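Open the structure in your viewer and keep the selection tool at hand. Each stop below tells you what to select and what is there.

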Amino acid sequence: MSSYPTIRPRRLRSSANLRRMVRETRLSADNLIAPLFIRHGQNISRPIVSMPGHAQLSVDTAVREAETIAEMGIPAVLLFGIPAHKDAMGSENYDPEGIIPQAIHAIKSAVPDLLVISDMCFCEYTDHGHCGVLNLPDHPGYSAQLGEGYLRNDETLELLGRASVVHAQAGADIIAPSGMMDGMVAAIRQALDTNGFANTIIMSYAAKYASGFYGPFRDAAESPPSFGDRSQYQMDPANAREALKEVALDVTEGADMLMVKPALAYLDIIQRVKERFELPLAAYQVSGEFSMIKAAAERDWIDERRVALETLYAIRRAGADMIITYFAKDVVKWLKA
Ligand code: PBG
């Protein structure tokens with residue numbers, strides 16, 4: 001008997017066609033969701049310095065961008081708003097004339113088939129930059145036990161319900177609550193159902209970590225907290241079992257789709273959620289994950305296309321059905337090339 005191996009995995013790697021044929025994980029436009037940042041004004045495309053290639057867009061330019069995205073075969077956009085006014089309650093988020101309801105309406109009118117997902121959170125809209133209503137001594141219902149500056153969960157739920165209905169009225173297909181409030185999915189489901197939007201989908205940011213990878217986003221959405229951080233409500237990066245608890249709660253509350261965020265540093269969470277739950281699973285490759293690749297590629301330290309695709313395949317391999325990524329348009333071009 002020969003001492004040479006008879007089983008040779010390398011046989012299946014010997015040509016591009018073979019590798020393509022036996023590839024286990026697929027990446028295509030079908031899996032991608034493209035985020036957009038929208039601000040008031042006209043004909044605006046204001047570059048986001050920390051996210052090369054991305055810009056804050058006015059509603060008219062966002063419609064043109066949405067048309068391009070749809071033509072490329074990407075099924076959905078995720079919208080973030082930069083309001084004209086910020087206040088303690090984040091009231092522009094539930095104003096029917098607010099920036100996001102306007103954008104949803106315009107995009108759905110121009111490109112009806114493109115799915116519009118509305119990120120449902122208050123941090124872009126509040127003057128303090130936190131994701132809901134704060135516990136403050138001069139506000140009614142102040143709780144000494146919670147302490148000054150604590151984010152009031154149940155008051156925030158009411159506003160999330162109200163804003164979700166406004167976004168659904170404007171035409172949003174999917175509401176994506178991202179504030180990590182307890183009970184947010186149930187509150188939004190109830191508000192939607194009682195207002196005639198039983199078919200509006202909820203994609204819950206079910207396991208969202210308090211992450212340093214959101215840095216560039218906070219420039220893009222002008223939403224950094226004015227004091228403290230989000231560790232009271234977003235998850236501790238050290239925890240995994242807690243993510244399964246968060247996800248289980250959102251499933252019971254009626255979430256239609258789940259999300260893990262960020263993606264690359266949380267592949268174990270993606271894998272465990274995918275194994276345990278039957279709902280479609282999204283992963284969010286967040287701003288910092290994008291900008292790190294861009295910055296290193298600008299210095300020629302890494303190959304952008306190669307590294308970006310490698311991370312996206314990793315996220316798919318871990319189990320994500322859908323990926324929200326700032327590389328969405330690039331991926332479609334790269335896969336064609
Ligand atoms: C809103 C929200 C954030 C992101 C998505 N929705 C910011 C945050 O939680 O601070 C981050 C997305 C990214 O970094 O690309 N709560």
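The tour starts at the ligand, then moves to a salt bridge and two backbone stops.

This is a predicted model, in which local features need pLDDT of at least 70 and side-chain atom pairs count only at pLDDT 80 or more, while totals for chains, interfaces and linings use all residues. Residues are numbered from 1 along each chain as its sequence is written, and side-chain values use heavy atoms, without hydrogens or water.

**Stop 1: the ligand.** Select the ligand and the residues around it. There are 16 of them, and the closest are K208, R218, K261, S287 and Y326. Here, a surrounding residue has a heavy atom within 4 Å of the ligand. By class, this shell has 8 nonpolar, 3 polar and 5 charged residues. Ala, Val, Leu, Ile, Met, Phe, Trp, Tyr, Cys and Pro count as nonpolar; Asp, Glu, Lys and Arg count as charged; the others, Gly among them, count as polar.

Now show the side chains of R230, K261 and Y326. A polar side-chain atom of R230 is 2.9 Å from a ligand oxygen. For K261, a polar side-chain atom lies 3.2 Å from a ligand nitrogen. In Y326, a side-chain N or O atom is 2.6 Å from a ligand oxygen.

**Stop 2: the salt bridge.** Select E222 and R39. They form a salt bridge, with the closest N and O atoms 3.2 Å apart. The term means a side-chain nitrogen of Lys or Arg within 4 Å of a carboxyl oxygen of Asp or Glu. The structure holds 9 salt bridges.

**Stop 3: the backbone.** Select K261 again, with P262. The peptide bond from K261 to P262 is cis, with omega near -10 degrees. Next, select M180. Its phi is positive, about 55 degrees, although M180 is not a glycine. Most residues other than glycine have a negative phi, and most peptide bonds are trans.

Definitions and conventions. Polar contact = N/O pair within 3.5 Å; in protein donor to acceptor, adjacent residues only side chain to side chain.
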